[in-house]
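Let's work through a few exercises on aromatic rings and burial. Keep the viewer open and try each task before you read its solution.

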Amino acid sequence: METQQCKAMEEPKTKQEDAAGAAEDAELAKAIMAHSFHPSVLGPEPWEGYVFSDVQIRIKESTDLYGAVLWPSAMVLCHFLEANRDKYNLVDKNVIELGAGTGLVTIVASLLGAKVTSTDLPDVLGNLQYNVLRNTKGLCKYIPLVTEFVWGQGVDQRFPRATHRFDYILAADVVYAHPYLQELMDTFDYLCQDDTQILWAMRFRLDPENSFVDRFRQRFHLEELYDLPSLSIKLYRAWRKDRRTKDHEDS
């Protein structure tokens, strides 16, 4: 089974259970990293290779920009989308990716049949657009829309709820020690409507990641799909708490 669901209360694990969990973690991490390949011949333009949906994807990185480097969380999310394509069917679904970076998640979601809006900051948009077009042109049912978006700024004008309803919000490694965590939270809150699901992979580094998850739980139901200690990455599924539930918990 691809998903690993967390339990609210867990009994202390035995050594056998710890060993089994470590083996499962290692096996899943190995399967995820196996999607990566390196060019056999170095050309004038360096790139990283990935295989998803039987398609060789070439990703150009920009090492001078933090958001233009591909982080392992993106591979974790892409692996999950491909491995669970029946349960989480993206065909003809409206999808938005936050902090798309080099575009791998956008590309894989598009190959899986989604109508993707791929967003990031202006500085990385050129590299993102290049990678997305290079790897989706002529291969996908829908051409991804790559657009500039700064979290929290004019989100209601950029994506009016009356005309922009997303089935899925995808995010990989958007939570780290940056000063815009509240803006990110507000963006999740605005874009996530009653029938929207969030699939969010994150790497745990410092305390801000943990506190963000705690605050996130106040607004959303949160289910742990993958727990990969070897990569320090978790993958979550989240959906909006209805108003009655939230009001009851607040009281």
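A residue counts as buried when its relative accessible area is under 20%, as exposed when that area is over 50%, and as partly exposed in between. One thing to keep in mind: this is a predicted model.

**Exercise 1.** Decide whether Tyr-226 is buried or exposed, and do the same for Phe-80.

Solution. Start with Tyr-226: its relative accessible area is 0%, so it is buried. Now take Phe-80, which also comes out as buried, with a relative accessible area of 0%. For the whole picture, 47% of the chain's 251 residues count as buried.

**Exercise 2.** Work out how the rings of Phe-80 and Tyr-226 are arranged.

Solution. A pair of aromatic rings is described by the distance of the centres and the angle of the planes. Step one is the distance: the structure holds 12 aromatic pairs, and in this one the ring centres are 5.5 Å apart. Step two is the angle: planes over 60 degrees apart count as edge-to-face, and these stand at 85 degrees, so the pair is edge-to-face. Step three is location: Phe-80 belongs to helix H2 (residues 72–83) and Tyr-226 to strand S9 (residues 220–228), so the pair ties together parts that are 146 residues apart in sequence.

**Exercise 3.** Now you try Phe-149 and Phe-159: which arrangement do their rings have?

Solution. The centres of the two rings are 5.3 Å apart and the planes are at 90 degrees, so this pair is edge-to-face. Next, find the residues: Phe-149 is in the loop between strand S6 (145–148) and helix H5 (155–158), while Phe-159 is in the loop between H5 and strand S7 (168–172), so the pair ties together parts 10 residues apart in sequence. Both Phe-149 and Phe-159 are buried.

**Exercise 4.** Find which rings have the charged ends of Lys-60 and Lys-234 over them.

Solution. Go to Lys-60 and follow its side chain: the charged end sits over the ring of Tyr-130, 5.3 Å from the ring's centre. For Lys-234, the ring underneath belongs to Phe-204, with 5.6 Å from the charged end to the centre.

**Exercise 5.** Describe the surroundings of Asn-94: where is it found, and which residues does it touch?

Solution. First, Asn-94 is found in strand S4 (residues 94–98). Second, its relative accessible area is 29%, so it is partly exposed. Third, leaving out residues up to four places away in sequence, Asn-94 touches Lys-115, Arg-165, Phe-166, Asp-167 and Tyr-168.

How values were computed: Residues are numbered from 1 along each chain as its sequence is written. This is a predicted model: local features need pLDDT of at least 70, side-chain atom pairs count only at pLDDT 80 or more; totals for chains, interfaces and linings use all residues. Side-chain values use heavy atoms; hydrogens and water are left out. Rings of Phe, Tyr and Trp (its six-membered ring) pair if their centres lie within 6.5 Å; planes under 30 degrees apart count as stacked, over 60 as edge-to-face and the rest as tilted. Helices (H or I, at least four residues) and strands (E, at least two) are DSSP runs, numbered from the N terminus. Buried means under 20% relative accessible area, exposed over 50%, partly exposed in between (1.4 Å probe, protein chains only). A charge sits over a ring if NZ of Lys or CZ of Arg is within 6 Å of the ring centre and within 35 degrees of the ring normal. Contact means heavy atoms within 4.5 Å.
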